[in-house]
Amino acid sequence: ICSNCQNKGCPRKQLFCVARSRFHLVLANLGKTPLDSAERALLAPNDGDGGDNIKSQDIRNTIFLYEQTELDQEDVWQTLARLLHYPHATIPH
C-alpha cells in the first residue's frame with residue numbers, strides 16, 4: 001500500500017506510483033541488491049513476512065536503469081552504447 005495514497009490514488013493524481021509498483025522487489029529478486037536483513041526490512045515493511053520470502057535468483061545479466069526524463073541527456077545514450085558494445089560513440093536517438 002502506498003503510504004501517500006492509501007489505495008485512493010497517488011499524490012497529484014499521478015498515474016504510476018513507485019512505492020505501489022514494488023519495483024524494488026523485482027530488482028532484489030533478480031539479485032541486483034545485497035538483500036541483507038536491513039534491506040529486507042526496507043523492502044517489505046507492510047508484508048507479513050517482513051521481506052523474508054524475497055529470494056534472490058542471482059541473475060548475471062546487466063540491467064540498465066534510467067528515468068524517462070534522462071533520455072534527452074547525451075551521456076545516457078553514450079553509457080548505453082558502451083554497455084551494449086555499440087560500434088559508435090553513441091546510439092542515434
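Helices (H or I, at least four residues) and strands (E, at least two) are DSSP runs, numbered from the N terminus. The model is predicted: local features need pLDDT of at least 70, side-chain atom pairs count only at pLDDT 80 or more, and totals for chains, interfaces and linings use all residues. Residues are numbered from 1 along each chain as its sequence is written, and side-chain values use heavy atoms, with hydrogens and water left out.

**Exercise 1.** State the secondary structure of the protein and the order of its elements.

Solution. Start with the count: four helices and zero strands. Then read from the N terminus: the order is α-α-α-α.

**Exercise 2.** Find the share of buried residues and the exposed area of the protein.

Solution. Take burial (under 20% relative accessible area is buried, over 50% exposed, partly exposed in between; 1.4 Å probe, protein chains only). Of the 93 residues, 20% are buried. Next, take the area, from the Shrake-Rupley method with a 1.4 Å probe, where for residues only the protein chains shown count as cover. The protein exposes about 7,400 Å². Carbon and sulfur atoms supply 54% of that area.

**Exercise 3.** Locate Leu 35 and describe its backbone and its burial.

Solution. Leu 35 sits in the loop between α2 (23–29) and α3. Its phi is positive, about 60°, although Leu 35 is not a glycine. Most residues other than glycine have a negative phi. With a relative accessible area of 9%, Leu 35 is buried.

**Exercise 4.** List the largest nonpolar core, then trace the contacts of Ile 54.

Solution. A nonpolar core is a set of buried Ala, Val, Leu, Ile, Met, Phe, Trp, Tyr and Cys residues joined through side-chain atoms within 4.5 Å. The largest has six residues: Leu 25, Ala 28, Leu 35, Leu 43, Ala 44 and Ile 54. Now turn to contacts (heavy atoms within 4.5 Å). Set aside neighbours within four places in sequence: Ile 54 then touches Leu 25, Ala 28, Leu 35, Arg 40, Leu 43 and Ala 44. In soluble globular proteins, nonpolar side chains tend to be buried together.

**Exercise 5.** Place Gly 51 and Glu 39, and give the burial and contacts of each.

Solution. Gly 51 belongs to the loop between α3 and α4. Its relative accessibility is 0%, so Gly 51 counts as buried. Beyond four places in sequence, Gly 51 contacts Arg 40 and Ala 44. Gly 51 and Ala 41 are 10 residues apart in sequence, and their C-alpha atoms are 6.3 Å apart. Glu 39 is in helix α3. At 13% relative accessibility, Glu 39 also counts as buried. Beyond four places, Glu 39 contacts Ala 28, Thr 33 and Pro 34.

**Exercise 6.** Explain why the buried residues of α4 line one face, then follow the chain to His 85.

Solution. In α4 (residues 74–83), Val 76, Trp 77, Leu 80 and Ala 81 are buried. Seen down the axis, these buried residues fall within an arc of 135°, so they line one face of the helix. The arc is that of the directions from the helix axis to the C-beta atoms. His 85 lies in the segment after α4. Its phi is positive, about 55°, although His 85 is not a glycine. At 70% relative accessibility, His 85 counts as exposed.
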